[in-house]
Amino acid sequence: MASRSFWRSKSSAIFAGFFRSAAYPRRIFPAHHPVSSRQSLLLRLLCSDGHCQQGASVWIRHYHDGRPRGPLWRGKKMIGKEALFVILGLKRFKDDEDNLEKFIRTHVLRLLKMDMVAVLIELERQQEVPLALRLFKIIQKQDWYKPDVYLYKDLIIALANCKKMDDAMQVWEMMRKDDLFPDSQTYAEVIRGFLKYGSPADAMNIYEDMKKSPEPPQELPFRILLKGLLPHPLLRNRVKQDFEEMFPDRHVYDPPEEIFGMR
């Protein structure tokens with residue numbers, strides 16, 4: 001009897017200690033520790049009786065669900081499973097024209113509008129620019145397609161960053177035929193691409209097109225041209241004169257002529 005009463009009192013003490021620790025939690029999360037919605041609900045349930053003190057919290061073990069963390073996963077969550085399947089398929093058959101054409105007929109053309117645009121954006125992000133250009137031409141043939149300057153802009157910048165300037169100018173001409181003008185960022189990236197590509201004459205053609213844009217030119221494309229045209233003083237002086245007229249309060253840095261042999 002004595003032993004039975006001893007174990008009864010001991011178990012009562014154990015359970016009392018457990019509920020006391022739940023009512024007055026002593027483990028404290030750091031201030032910067034993120035708390036999920038499920039954890040917040042648990043905290044509210046445990047502190048609903050008013051005994052939870054200021055700054056107190058509950059020790060909750062964090063389990064990793066195996067999914068990768070970071071921007072790539074957050075971006076993929078915005079893409080549907082069928083769109084992800086199409087991206088993988090296009091990359092798999094990009095060097096096999098027959099299978100690529102068959103895959104486009106059986107899977108790409110079945111995509112909904114938002115999925116098709118999501119595939120295009122993801123291909124541009126992964127610098128699969130030949131596939132992105134091909135998909136863009138497919139999108140142009142869809143019934144729901146309407147000329148959009150942002151679709152043109154993203155594709156042109158992706159092509160320019162990969163130094164596919166011939167393809168970039170092909171898309172550029174498409175955009176101009178649709179009576180669309182790019183923004184300052186697009187002008188800057190295309191001008192930079194032509195300067196890296198070693199074609200200052202084409203960069204100047206884009207510059208002349210920029211001056212005809214209905215939107216007032218921004219400073220960035222001028223800065224890129226002034227830097228890239230240092231080995232071409234005649235062209236640079238022409239751009240510098242326009243820059244000083246449009247931005248009279250801005251200063252243009254001229255490096256010493258000995259650096260580039262322009263004596």
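Arg192 has a relative accessibility of 27% and therefore counts as partly exposed, whereas its salt-bridge partner Glu189, at 17%, counts as buried. Both values come from a predicted model, and the pair serves here as an entry point to the charged contacts, the helices and the loops of this chain.

**Overall architecture**

The protein contains 14 helices and 0 strands, so that the pattern read along the sequence is α-α-α-α-α-α-α-α-α-α-α-α-α-α. Of its 263 residues, 34% count as buried. Among contacts with a sequence separation of 6 or more, 59% are made by residues that lie 24 or more positions apart. The protein exposes about 17700 Å², and carbon and sulfur atoms supply 55% of that area.

**Salt bridges**

The count of salt bridges comes to 12, and three of them are described here in turn. In the pair already introduced, the closest N and O atoms of Glu189 and Arg192 are 3.0 Å apart. Both residues belong to helix H10, which spans residues 184–197, and they are separated by 3 residues, or about one turn of the helix. Glu189 is classed as buried because its relative accessibility of 17% falls under the 20% limit, while the 27% of Arg192 places that residue in the partly exposed class.

A comparable description applies to Glu208 and Lys211, whose side chains meet in a salt bridge with an N to O distance of 3.5 Å. Helix H11 (residues 200–211) holds both residues, and because they are 3 residues apart, about one helical turn separates them. Glu208 is partly exposed, with a relative accessible area of 23%, and Lys211 is likewise partly exposed, at 31%. This pair also takes part in a wider arrangement, since a network of salt bridges links Glu208, Lys211, Arg238 and Asp242.

The salt bridge between Glu219 and Arg250 has its closest N and O atoms 3.3 Å apart. Here the pair links distant parts of the chain: the two residues are 31 residues apart, with Glu219 in helix H12 (residues 219–228) and Arg250 in the loop between helix H13 (233–246) and helix H14 (257–260). Glu219 is partly exposed at 22% relative accessible area, and Arg250 is partly exposed at 45%.

The accessibilities of the residues in these three pairs are set out below.

| Residue | Relative accessible area | Class |
|---|---|---|
| Glu189 | 17% | buried |
| Arg192 | 27% | partly exposed |
| Glu208 | 23% | partly exposed |
| Lys211 | 31% | partly exposed |
| Glu219 | 22% | partly exposed |
| Arg250 | 45% | partly exposed |

**A buried charge without a salt bridge**

Glu124, which is found in helix H6 (residues 113–125), is buried yet has no salt bridge, and the nearest side chain of opposite charge, that of Arg125, is 9.7 Å away. A salt bridge needs a side-chain nitrogen of Lys or Arg within 4 Å of a carboxyl oxygen of Asp or Glu, and the 9.7 Å to Arg125 does not meet that cut-off. When residues up to four places away in sequence are set aside, Glu124 touches Ala132, Asp154, Leu155 and Ala158.

**Helix H9 and its surroundings**

Helix H9 (165–177) has 13 residues and reaches 18 Å from its first C-alpha to its last, which is close to the 18 Å expected at 1.5 Å a residue. Its buried residues are Met165, Ala168, Val171, Trp172, Met174 and Met175. These buried residues pack against H7, helix H8 (149–161), H10 and H11, and two of those partners, H10 and H11, appear above as the helices that hold Glu189 with Arg192 and Glu208 with Lys211.

**Positive phi angles in two loops**

Most residues other than glycine have a negative phi. Against that background, Asp179, which follows H9, has a positive phi of about 60° although it is not a glycine. Asp179 lies in the loop between H9 and H10, and it counts as exposed because its relative accessible area of 64% is over 50%.

Gln127 likewise is not a glycine and has a positive phi of about 60°. The residue is found in the loop between H6 and helix H7 (129–140), and Gln127 is exposed, with a relative accessible area of 52%. H6, on one side of that loop, is the helix in which the buried Glu124 is found, while H7, on the other side, is among the helices that the buried residues of H9 pack against.

How values were computed: Residues are numbered from 1 along each chain as its sequence is written. This is a predicted model: local features need pLDDT of at least 70, side-chain atom pairs count only at pLDDT 80 or more; totals for chains, interfaces and linings use all residues. Side-chain values use heavy atoms; hydrogens and water are left out. Helices (H or I, at least four residues) and strands (E, at least two) are DSSP runs, numbered from the N terminus. Buried means under 20% relative accessible area, exposed over 50%, partly exposed in between (1.4 Å probe, protein chains only). Contact means heavy atoms within 4.5 Å. Accessible areas come from the Shrake-Rupley method with a 1.4 Å probe; for residues, only the protein chains shown count as cover. Lys and Arg count as positive and Asp and Glu as negative; His and the chain ends are not counted. The expected span of a helix is 1.5 Å times one less than its number of residues.
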